[in-house]
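Trainee: Hi, could you walk me through this structure? I'd like to start with one residue and then look at the empty spaces.

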Amino acid sequence: MDAVIIGGGIGGLTLALALHRSGIASRVYESAPEIKPLGVGINILPHASKELSELGLESELARVGITTCESLFYNRFGQLIYQEPLGRYAGYQWPQFSIHRGDLQMVLVEAVRQRLGADRVFTGWQCIRFEQDGAGATAYFRHTATGEELPPQRGAVIIACDGLHSVIRKQLHPNEGPPRYSGVNMWRGVTRWPPILSGASMVRAGWFTPGKMVIYPIRNNIDSQGRQLINWVAEIETPRHKQRDWNRPGELSDFISAFEDWHFDWADVPELIKSAEAILEFPMIDQDPLPWWSQGRVTLLGDAAHPMVPRGSNGAGQAIVDARALADSLSTYKDPVEALRAYEAMRLGPTAEVVRMNRKNPPDAILREVYLRTGDKPFKRLEDVISQDELRAISDGYKRVAGYDLASL
Ligand SMILES: Cc1cc2nc3c(=O)[nH]c(=O)nc-3n(C[C@H](O)[C@H](O)[C@H](O)COP(=O)(O)OP(=O)(O)OC[C@H]3O[C@@H](n4cnc5c(N)ncnc54)[C@H](O)[C@@H]3O)c2cc1C
């Protein structure tokens, strides 16, 4: 058994490590000319950090990222709505990490190179299509920079981890429409800033219609003044958006007006935004869940299988959980076709639920409820607007659907 993995993102690299642990050989083909730290912050919740810990990566992730301790929700007037502990601080056996997605990717690729061998990761290989027969599957490539044809690569299975714009997904489902825009556009950046609140807090504030903010630290002690690298995301309801690209530059003037008066005791938000090193822009998009992922010896994993709007810090987490499930299936079943079918049976239903829940009631539904019930006005007494039990029920309901509630994990 050997697997051809298309895409060296979080899903593809985690899969290579999980297969290696199960004694299954694989090769990773990535279209980018090199794997380098790009993008901004990401949260790894306990269900995903469990899998990464079991792959022996916990101490390295704790070294490069932040072990997040609490989550706080505010309205746009800076009034606290809800607060809860996270990861080990909430009693989980595994931590929550807030981390630069580039740092996470470098931890994964270094582990793949060490464990599988540096010659198992190919960069500049852009997959264009696949073929399969009864004995194996073949992926076809061209060189990303020159367009020149590269030698076809054959394996017992092909796993498409090539993200939102997956070519393999398009080949399997040619009539699917383009990604669905949620109506919310995002601008993201990182700023060198003194620690906010506990120094390991995840803050969500405001609501999409006037403007919502997510703020959390992703690197500790980055200079002699003990500052952190703070990740922030501005999310605003607007029809204006462009195609998703991890590196599309964004303009401050397109969104700063929504946050100009956000001067809080825990942070001066407009100053935080204006001090960013760079700003990136992303549309908030997803796809309707697919009816099937696998055809014979070929299947989908991660965003290629189930792109979701990033309102629950869960897309990469679900890709990581997929990787474990697929490695388990491939080591359980002798027949690769049966293994891919079993993997799909395990993961398609639960991930489809997360895609739907991320549209309807992810954790930030807490902010929506208060926004609607107060008519976007400051409240005098929060308990007259919504009870802590109701807020906790929103948060816990999401954890159950996404597979990281304390009881089942
Ligand atoms: C703004 C934002 C915030 C997010 N925050 C979180 C969060 O806090 N927590 C969380 O868990 N998730 C989060 N996500 C979701 C998460 O980033 C994705 O779900 C995750 O990156 C999916 O991993 P993947 O490996 O499936 O795809 P990707 O990370 O997109 O990787 C796909 C890889 O395949 C390569 N590739 C593409 N096409 C080809 C080809 N034809 N041939 C070869 N290689 C190819 C790409 O270059 C890329 O390296 C967020 C997403 C966004 C947009």
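Mentor: Sure, we'll take a serine and then the cavities. This is a predicted model, where local features need pLDDT of at least 70, side-chain atom pairs count only at pLDDT 80 or more, and totals for chains, interfaces and linings use all residues. Residues are numbered from 1 along each chain as its sequence is written, and side-chain values use heavy atoms, with hydrogens and water left out.

Trainee: Okay, where is Ser-329?

Mentor: Ser-329 sits in helix H7 (residues 315-332); a helix here is a DSSP run of H or I with at least four residues.

Trainee: Is Ser-329 buried or exposed?

Mentor: Ser-329 is buried, with a relative accessible area of 3%. Buried means under 20% (1.4 Å probe, protein chains only).

Trainee: And which residues does Ser-329 touch?

Mentor: Leaving out residues up to four places away in sequence, Ser-329 touches Ala-339, Ala-342, Tyr-343 and Met-346, where contact means heavy atoms within 4.5 Å.

Trainee: New topic: how many cavities of 30 Å³ or more are there?

Mentor: The search of the whole structure finds four. A cavity is a set of points, on a 1 Å grid over the protein atoms alone, where a 1.4 Å probe fits but cannot get out; lining residues have an atom within 4 Å of a point.

Trainee: What about the largest cavity?

Mentor: The largest cavity holds about 140 Å³ of space, the volume being the space filled by probe spheres set on the points. Its lining has 18 residues, with Glu-84, Leu-86, Gln-96, Arg-204 and Tyr-404 nearest the centre.

Conventions
Helices (H or I, at least four residues) and strands (E, at least two) are DSSP runs, numbered from the N terminus. Buried means under 20% relative accessible area, exposed over 50%, partly exposed in between (1.4 Å probe, protein chains only). On a 1 Å grid over the protein atoms alone, a cavity is a set of points where a 1.4 Å probe fits but cannot get out, and a pocket is an open set with protein on both sides within 12 Å along at least five of seven lines; lining residues have an atom within 4 Å of a point.
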